[in-house]
Amino acid sequence: MSLDNYEQFTRFFHERSGIDLSCYKRAQMQRRIEQFITNKGFQDYLAFKDSLNSNPELLAAFLRHLTINVSQFFRDMGQWEILRASILPMLLAGRSSLKLWSAGSSGGQEAYTLAIILQETFPLVPYSILGTDIDDAMLAQARHGVYKTQDLVGAPPHILDNYFNPTGDGLQVKERLKSNVHFQKRNLLTGIFDTGYDLICCRNVVIYFTEEAKNSLYCRFSKSLRPGGVLFTGSTEQIFNLTELGLKPLAPFFYQKIPC
Ligand SMILES: C[S@@+](CC[C@H](N)C(=O)[O-])C[C@H]1O[C@@H](n2cnc3c(N)ncnc32)[C@H](O)[C@@H]1O
């Protein structure tokens, strides 16, 4: 078994999928990839690469394995409470609507959590939420909006009644919530983003990015926020070079674009 063509494989994979694995921390990525290759019974990168080329299902399964897409409704409840009680009222001062982005939205749990909080707290404020992810399977789940009952454990009963319909296999997000939330495929490692966001949530996505890739992303997020807009990160994702990025801390894991 020879697994020593990692760089060659990452070049092939970049061309094939548009995902540049060199932007992810090498040790973790390589371990994950080699675990997949071994589990699928391939002898080396070369044999795996040939199969990926001819087998779209294998490619989809590999992508699913790489994009660690665990998510949850109301993940880190304390942070959502800070958002609800302090950040959203501040963002709404002098504004009549909100433009929000859940970047790395996985199966949509974060984007819908945001929508529920807005509906519950500011029912009259118009808003639009964009959820983006690199993983087609997760985007399909997000658009479908069906979740297992246990995905919503901990949510107050009135939230379940107001925003979900029971279905055969779980709970489906009601249309009135879905109508403000849209999902699109987007690779956060490339390109420039839309501008004028009041809030960008990017939580538990950059854990495996290299420092360089993370910095480039935060820099593009900062350009995407309107002055005074807020970047909301995951609870292990502190940003240290804030001044360079034109951001300032507001509360733990909330960073504000310095108003001009
Ligand atoms: C652990 S989930 C986080 C989901 C949600 N933000 C949360 O905190 O519950 C990470 C998500 O980031 C996505 N992701 C990873 N690399 C990405 C990239 N380069 N561009 C866009 N999404 C990416 C994965 O597909 C996955 O769905």
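I take two residues to be in contact if their C-beta atoms, placed from the backbone, lie within 7 Å. With that cut-off I looked at this predicted model and sorted its contacts by distance along the chain. Of the contacts in the chain with a separation of 6 or more, 72% are between residues 24 or more positions apart.

**Entry: the whole chain**

I looked up the secondary structure and found 11 helices and 10 strands. I then set the radius of gyration, 20 Å, against the 18 Å that the globule rule gives for 260 residues; the two are close, so the chain is as compact as a globular protein of that length. Along the principal axes, the C-alpha atoms fill a box of roughly 60 × 50 × 25 Å. I also looked up burial: 33% of the 260 residues in the chain are buried.

**Entry: two domains**

I noted the division of the chain into domain 1, residues 6-66, and domain 2, residues 77-257. Their C-alpha centres lie 29 Å apart. I looked up who takes part in the contact and found 11 residues from domain 1 and nine residues from domain 2. On the side of domain 1 that touches domain 2, helix 2 (26-39) and helix 4 (56-66) each supply at least two residues. Which helix gives the most to that side? I found that helix 4 does, with three residues. By residue class, this side of domain 1 has six nonpolar, two polar and three charged residues.

**Entry: helix 1 against helix 3**

I describe two packed helices by the angle between their axes and the distance between the axes. For helix 1 (residues 6-17) and helix 3 (residues 45-54), I found axes that come within 10 Å and cross at roughly 10°. Angles under 35 degrees count as roughly parallel, so I put helix 1 down as roughly parallel to helix 3. I listed the residues that make the contact: helix 1 brings Gln8, Phe9, Phe12 and Arg16, and helix 3 brings Tyr45, Lys49 and Leu52. Sorted by class, the residues of this contact are four nonpolar, one polar and two charged.

**Entry: arginine 16**

I went back to arginine 16, which lies in helix 1 and is one of the residues in the contact with helix 3. Is arginine 16 buried or exposed? I counted 12 other C-beta atoms within 10 Å, so I entered arginine 16 as exposed. I also checked its C-alpha distance to glycine 246: the two are 230 residues apart along the chain and separated by 35 Å.

**Entry: two phenylalanines with positive phi**

Most residues other than glycine have a negative phi, so I looked up two exceptions. Phenylalanine 74 is not a glycine, yet has a positive phi of about 50°. I located phenylalanine 74 in the loop between helix 4 and helix 5 (77-92). Phenylalanine 253 is not a glycine either, and I read a positive phi of about 75° there. I located phenylalanine 253 in the loop between strand 9 (247-251) and strand 10 (254-257).

Their burial came next. A residue counts as buried if 20 or more other C-beta atoms lie within 10 Å of its own. Phenylalanine 74 has 19 C-beta neighbours inside 10 Å, so I entered it as partly exposed. Phenylalanine 253 has 21 other C-beta atoms within 10 Å, so I entered it as buried.

Technical notes:
Residues numbered from 1 in each chain as written. Predicted model: local features only at pLDDT ≥ 70, side-chain atom pairs only at ≥ 80, totals over all residues. Domains from an automatic or database assignment. Helix = DSSP H or I, 4+ residues; strand = E, 2+ residues; numbered from the N terminus. Nonpolar A, V, L, I, M, F, W, Y, C, P; charged D, E, K, R; others polar. Axes fitted to C-alpha atoms, helices over the stretch in contact; angles between N-to-C directions. Parallel < 35°, antiparallel > 145°, perpendicular 65-115°, else oblique. Rg over C-alpha atoms; globule rule 2.2 N^0.38 Å.
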